[in-house]
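This report introduces the side-chain pairings of one protein chain and then turns to one of its helices. The structure is shown first.

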Amino acid sequence: LRVKVVHLSNLFAYIASQRIGGQNSDRGSSMTSGAQLAKTIGICPEKDMPYPDPVRYPRWARSRQERARRLNAVKHESAPYQIRMCSRIRSYDEWLTYLGSGQGAVDVGIKWGVTVRNGEITRWRPGGGGHAVVVSEYSRRRTNGRPWPKMRNSHGRSWGNNGVAEMPPSMWDDMLAHPYTVCLGMSEMPAIRPRDLSWLEANPFVPNNPKGARCWVPGGGGR
């Protein structure tokens, strides 16, 4: 099995989501705009719109006409990298269930204000501005049977433990309950739905099984 990893453009995601949200300055963008972008347009590969070196907000992004021209130029390259589903997550149990389904990542927008020591978030005071993180995994550490969520941040490898810090489940409960928190499960997989399937007509153990044929199942008799 060979897996090809494609790095998507952070710059395109930032500028294009700002355009959806009606922003044209380096003041962040919203989770809802980013989710709308990923679902309706997609995000182009990094090679098609890399960040300037050194990293800075590009001058062309401040011009609506030039911004539209550059974003439209890579719209075709973005289409293959759309997500199919975006689910709002509102509780710890919903978060854990979503991770267990294996459908995709969990992106979170929160009011910032965390204290990290030795790879653990020891305090959260939502007094700062908005910040986006990823909470798509958990550690082996448990409290009352509940695993500790792991937060992956964008503040470099010096933050937490190589850019990742774990937190108590109760703190994650508080974050999800906060009115300014937006937690989204985003996936390129279609929504899971039950299939219409007649077990009698499509039983894989009995080829060409006609409806009403006698089928034996473990522990039971009859059809």
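## Basis and a first salt bridge

At a relative accessibility of 26%, Asp48 is classed as partly exposed. Its sequence partner in a salt bridge is Lys47, with 3.4 Å from N to O. Lys47 is exposed, its relative accessible area being 68%. The model discussed here is predicted.

Side chains of opposite charge can pair when their charged atoms come close. The structure contains seven salt bridges, and the one between Lys47 and Asp48 is among them.

## A salt-bridge network in helix 3

Two further salt bridges involve Glu66. With Arg69, the closest N and O atoms are 2.7 Å apart; with Arg70, the corresponding distance is 2.8 Å. Through shared partners, these bridges join Glu66, Arg69 and Arg70 into one network.

The positions of these residues along the chain fit the pairing. Glu66 and Arg69 are three residues apart in helix 3, which spans residues 64-73, and are therefore separated by about one helical turn. Arg70 and Glu66 are four residues apart in helix 3, again about one turn of the helix. Glu66 is partly exposed, with a relative accessibility of 22%, and Arg70 is also partly exposed, at 34%.

## Aromatic pairs

Five aromatic pairs are present in the structure. One of them is formed by Trp95 and Tyr138, which meet edge-to-face, with 6.3 Å between centres and 70 degrees between the planes. This pair links distant parts of the chain: Trp95 belongs to helix 5 (residues 92-101) and Tyr138 to strand 5 (residues 130-143), 43 residues apart. Trp95 is buried, with a relative accessible area of 0%, whereas Tyr138 is partly exposed at 38%.

A tilted pair is formed by Trp112 and Trp159, whose centres lie 6.3 Å apart and whose planes make an angle of 40 degrees. Trp112 lies in the loop between strand 2 (105-111) and strand 3 (114-117), and Trp159 in the loop between strand 6 (146-152) and strand 7 (164-166), so the pair ties together parts that are 47 residues apart in sequence. Both Trp112 and Trp159 are buried. Elsewhere, one aromatic cluster is made up of Tyr92, Trp95, Tyr138 and Trp172.

## Charges over rings

Two side chains place a charge over an aromatic ring. The charged end of Arg141 sits over the ring of Trp148, at 3.8 Å from its centre. Lys111 lies over the face of Tyr180, and here the distance to the ring centre is 5.5 Å.

## The two sides of helix 5

Which residues of helix 5 are buried? They are Tyr92, Trp95, Tyr98 and Leu99. Viewed down the axis of helix 5, these buried residues fall within an arc of 130 degrees, so they line one face of the helix. The face turned away from the buried side carries the exposed residues Asp93, Thr97 and Gly100.

The elements covering the buried residues of helix 5 include strand 1 (85-88), strand 2, strand 5, strand 6, helix 6 (169-177) and strand 8 (182-187). Strand 5 also holds Tyr138, the aromatic partner of Trp95. Just after helix 5, Gly102 adopts a positive phi of about 70 degrees.

Methods:
Residues numbered from 1 in each chain as written. Predicted model: local features only at pLDDT ≥ 70, side-chain atom pairs only at ≥ 80, totals over all residues. Heavy atoms only, no water. Salt bridge = Lys/Arg side-chain N within 4 Å of Asp/Glu carboxyl O. Buried < 20%, exposed > 50% of the residue type's maximum accessible area, 1.4 Å probe, protein only. Phe/Tyr/Trp six-rings, centres within 6.5 Å; stacked < 30°, edge-to-face > 60°. Lys NZ or Arg CZ within 6 Å of the ring centre and 35° of its normal. Arc of directions from axis to C-beta. Contact = heavy atoms within 4.5 Å.
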